[in-house]
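Biologist: I should like to learn how to read the features of a structure that is new to me. May we look at it together?

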Amino acid sequence: MDIKMLHSLVDNIIKIDRGGPESREGRLIAVGVDYIALLTENEGVVYYRTHHIKSLTSNTKNDSQFDFQVPEDFRFIQAEDFKGVLESLKYHWVQINRGGPEKLEGIVDQVNDNFVTIIAKEEVIRISMFHIRNVSYEVKDRKNKGSNEKKTEDNTKS
């Protein structure tokens, strides 16, 4: 993906891929050397590796179903590259890849140039860095009020 084109889409609502388990729609909030950060309505921030993105779609009429505002004090992980994002997620609960047989949830333990180590229940899983398409680190539900709202606010301040 062309980095200049990606930068031109920051703050726009876009759809990643046309369909399938990896496809998501949200607000493009950051562009790194080899990743983008997409704020989604139900999954929070999802970091996509650009070499795995097949297509980007933006609606010229901008009449998206994306119906929540980003708080002014909203914080998220930013790094120069995707490896830096993963290093910032050490000891956090993450979901790697959105769906299909390669979907994985657990705690990031170790990150290097070749693989990421995830602790999931009693298993230690090493996943090839090359095969990580995307990662997210918390679920946000903007439509539900109450205890989830407080938890979301606390988590975004870290």
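Biologist: Let us begin with one residue: is Y137 buried or exposed?

Modeller: Please keep in mind that this is a predicted model. Residues under 20% relative accessible area count as buried. The relative accessible area of Y137 is 15%, so Y137 is buried.

Biologist: What is the relative accessible area of Y47?

Modeller: The value for Y47 is 0%, and Y47 is therefore buried as well.

Biologist: How is a pair of aromatic rings described?

Modeller: Two quantities describe such a pair: the distance of the centres and the angle of the planes. In this structure there are two aromatic pairs. One of them consists of Y35 and Y47, whose rings are tilted, at 6.0 Å centre to centre and with 55 degrees between the planes. Y35 belongs to strand 3 (residues 35-40) and Y47 to strand 4 (residues 44-49); the pair links distant parts of the chain, 12 residues apart. Both Y35 and Y47 are buried.

Biologist: Why is the pair of Y47 and Y137 called stacked?

Modeller: Planes under 30 degrees apart count as stacked. The planes of Y47 and Y137 stand at 25 degrees, with the ring centres 6.3 Å apart, so this pair is stacked. Here too, distant parts of the chain are linked: Y47 lies in strand 4, whereas Y137 lies in the loop between strand 10 and helix 3 (147-156), 90 residues apart.

Biologist: Which residues form one aromatic cluster?

Modeller: The cluster is made up of Y35, Y47 and Y137.

Biologist: Let us turn to the sheet. In what order do the strands of the open sheet stand?

Modeller: The open sheet has 10 strands in the order 5-1-2-3-4-10-6-7-8-9, and their pairing is antiparallel. Strand 5 (56-58) and strand 9 (123-128) each have a single partner strand; they stand at the edges, so one side of each is without a neighbour in the sheet. From one strand to the next, the twist averages 40 degrees.

Biologist: How many bridges join strand 6 to strand 7?

Modeller: There are four bridges between strand 6 (residues 93-96) and strand 7 (residues 104-111), and the two strands run antiparallel. Within strand 7, I107 is the bridge partner of W93, and G106 stands opposite V94.

Biologist: Which residue in strand 10 is the bridge partner of I96?

Modeller: The partner of I96 is V135. Strand 6 pairs with strand 10 (residues 134-136) over two bridges, in the antiparallel sense.

Methods
Residues are numbered from 1 along each chain as its sequence is written. This is a predicted model: local features need pLDDT of at least 70, side-chain atom pairs count only at pLDDT 80 or more; totals for chains, interfaces and linings use all residues. Side-chain values use heavy atoms; hydrogens and water are left out. Two strands pair if DSSP finds at least two bridges between them. Rings of Phe, Tyr and Trp (its six-membered ring) pair if their centres lie within 6.5 Å; planes under 30 degrees apart count as stacked, over 60 as edge-to-face and the rest as tilted. Buried means under 20% relative accessible area, exposed over 50%, partly exposed in between (1.4 Å probe, protein chains only). Axes are lines fitted to C-alpha atoms, for helices over the stretch in contact, and angles run from 0 to 180 degrees between N-to-C directions.
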